[in-house]
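Thanks for coming. I will take a few minutes to walk through one structure, and I will keep to what can be read from the model and its record.

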Amino acid sequence: MEWSVLQQYGPSLLKGFGNTILCWALGTLFGMALGLVIALIQRYAPRWLTWIVQAYIEVIRGTPFLVQLFVLYYGGPLVGLRLDALPAGLLGLTIYGSPYFAEIFRSGFRAVSDGQIEAARAIGMSESHIVRRILLPLGLVSALPALVNFSIILTKETVILSIITVPELLYQVQRMSAETFRYVEANLVLALFFWGLVETISRVGLRLEARITKHLIERT
Amino acid sequence: MLAASSVEMRKVNKYYGKFQALKDIDLSIPPGKVTCLIGPSGSGKSTLLRCINFLEAYDSGEVRIDGQLIGYDAPDKKMSGRRLREMRRSIGMVFQQFNLWPHMTAKENVAEGLIRVRRMSKADADRRASEALAKVGLADKIASHPSRLSGGQQQRVAIARAIAMEPRLMLFDEPTSALDPELVGEVLSVMRTLAGEGMTMVVVTHEMGFAAHVADQVGFMEKGELVSVDSPDRILHRPEDARIQSFLRTYRERNSF
């Protein structure tokens, strides 16, 4: 092992890690937002619209992320969609994650009992209030563990963005490997960074879960 | 006391696919009176009740609240969501499974409808919610979440949630069926108080004692038919129809020891 190369490459590795976190955080956020919209469309929109959305889910879930990125980044310009690597990567992550998040939200909504919705209808509450006050808060609580889990999976999908030259961590690690031939050290650093990130997310997720389910657990 | 609603049901039919859940139901529910619906499980009692506030859409016939048709503008034209919501505001409903919102405290459960539907200020809604909870004997539980309450307390919160909206009609769908036996009394006693205040009440129940002592009329249902509607005494003590006799015999056998 030759760790001294890290001194030289430290700054670029850190910068790469910063980009990884940025791509992950924004990609997850936008993916969740799009997924939520899709789940609400599936629940409330007219049938023809739910079919379109369902087709979108099937296509995105049925194809590799790598292929989606290629199509977006290299195929995009053919139809006038010219994006820099970073925005293209963010858009790609958002699209890739959205159907999975949509399915997670859908199952979260299904966990809200019909009775709780009916109770709201029976006192004359409007559908938009029911969504905001009953369906979303209760559905999100049920969905939280799965949301955290898929967010963790997404951290590792960010490495694929290196293929379209997003300067995230793997991109920097590969550059360092190629220039110094210190493959093992470089990839160990990569593993260490990801492990730290995943561990942090999962701990924050558990805290959050404990906090918001405090009142929902039945008295024994 | 507040104005009390009447309900008129005429030739109401309801199908689930090919299965007919309600068959030509005719029922008059007079204002300020208590109507109990009894009968075997699956006889359509709850379905009938749920047609009154249109949680269940009936397929033909009419359900009128104070003369106003609920659910439809014309036989084939459903009422707009807005108008249906307006009608539901004056109809309270209590469910077998309480259906409280677990993420809200008792007071928040009661205040929610006042704020979102009645557009009250939070302060006014809180005050009204506290009063309603005091009325059902839960003044000391206003800050508790449902998970910290017994079944009987949860059901009383659910009743408070409904009465806080000042309904002119209250629907009870087997309000004590999910409760442990020792908790049934506290819920029935709250209902008895409401009945004494002249609220129109429709109660689907297996509590024959409540029906006998509190109801002004009792309807017996079987296989989607409203077999008979009469005074509690005639239905529960001197039934003429063999189906009612048989139902009550089974009920007595099960409850004797």
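How much of residues 85-102 of chain A is helix, and how far apart are the end C-alpha atoms? This span is 100% helix and 0% strand, with 26 Å between its end C-alpha atoms.

Before going on, a word on confidence. What you see is a predicted model. Chain A has a mean pLDDT of 89, and 98% of its residues are at 70 or more. Within chain A, the highest confidence is in α5(A), at 95. The lowest is in helix α7 of chain A, residues 169-180, where the mean is 84.

Now the record. UniProt, in an unreviewed entry, gives residues 17-202 of chain A the feature "domain: ABC transmembrane type-1". In the model, residues 17-202 of chain A are 82% helix and 0% strand, and the C-alpha atoms at the two ends are 18 Å apart.

The unreviewed UniProt entry also carries the annotation "transmembrane region" for residues 16-41, 48-73, 85-102, 134-154 and 186-206 of chain A. The span I opened with, 85-102, is one of these. Another is 48-73. For residues 48-73 of chain A the model has 92% helix and 0% strand, and the end C-alpha atoms are 30 Å apart.

Next, a pair of helices in chain A. Helix α1, residues 5-44, packs with α6(A) at an angle of about 135°, and the two axes are 10 Å apart. An angle of that kind is neither under 35 degrees nor over 145, nor between 65 and 115, and α1(A) and α6(A) are therefore oblique to each other. Their crossing is right-handed.

Which residues make this contact? From α1(A) they are W24(A), G27(A), T28(A) and M32(A). From α6(A) they are L147(A), S151(A), L154(A) and T155(A). By type, this contact of α1(A) with α6(A) has 4 nonpolar residues, 4 polar and no charged.

Last, the contact between the chains. Chain A puts in 20 residues and chain B puts in 21. On the chain A side, α5 (114-122) and α6 (127-157) each supply at least two residues. Which element gives the largest share of that side? It is α5(A), with 6 residues. The side of chain A that touches chain B is made up of 9 nonpolar, 6 polar and 5 charged residues.

To recap, α6(A) came up twice: it packs with α1(A), and it supplies residues to the side of chain A that touches chain B. That is all from me.

Definitions and conventions: Residues numbered from 1 in each chain as written. Chains lettered and ligands numbered in written order. Predicted model: local features only at pLDDT ≥ 70, side-chain atom pairs only at ≥ 80, totals over all residues. Contact = placed C-beta atoms within 7 Å. Helix = DSSP H or I, 4+ residues; strand = E, 2+ residues; numbered from the N terminus. Nonpolar A, V, L, I, M, F, W, Y, C, P; charged D, E, K, R; others polar. Axes fitted to C-alpha atoms, helices over the stretch in contact; angles between N-to-C directions. Left-handed = near helix turned anticlockwise from the far one by under 90°. pLDDT = per-residue confidence, 0-100. UniProt positions renumbered as here; feature names shortened; annotations may be inferred.
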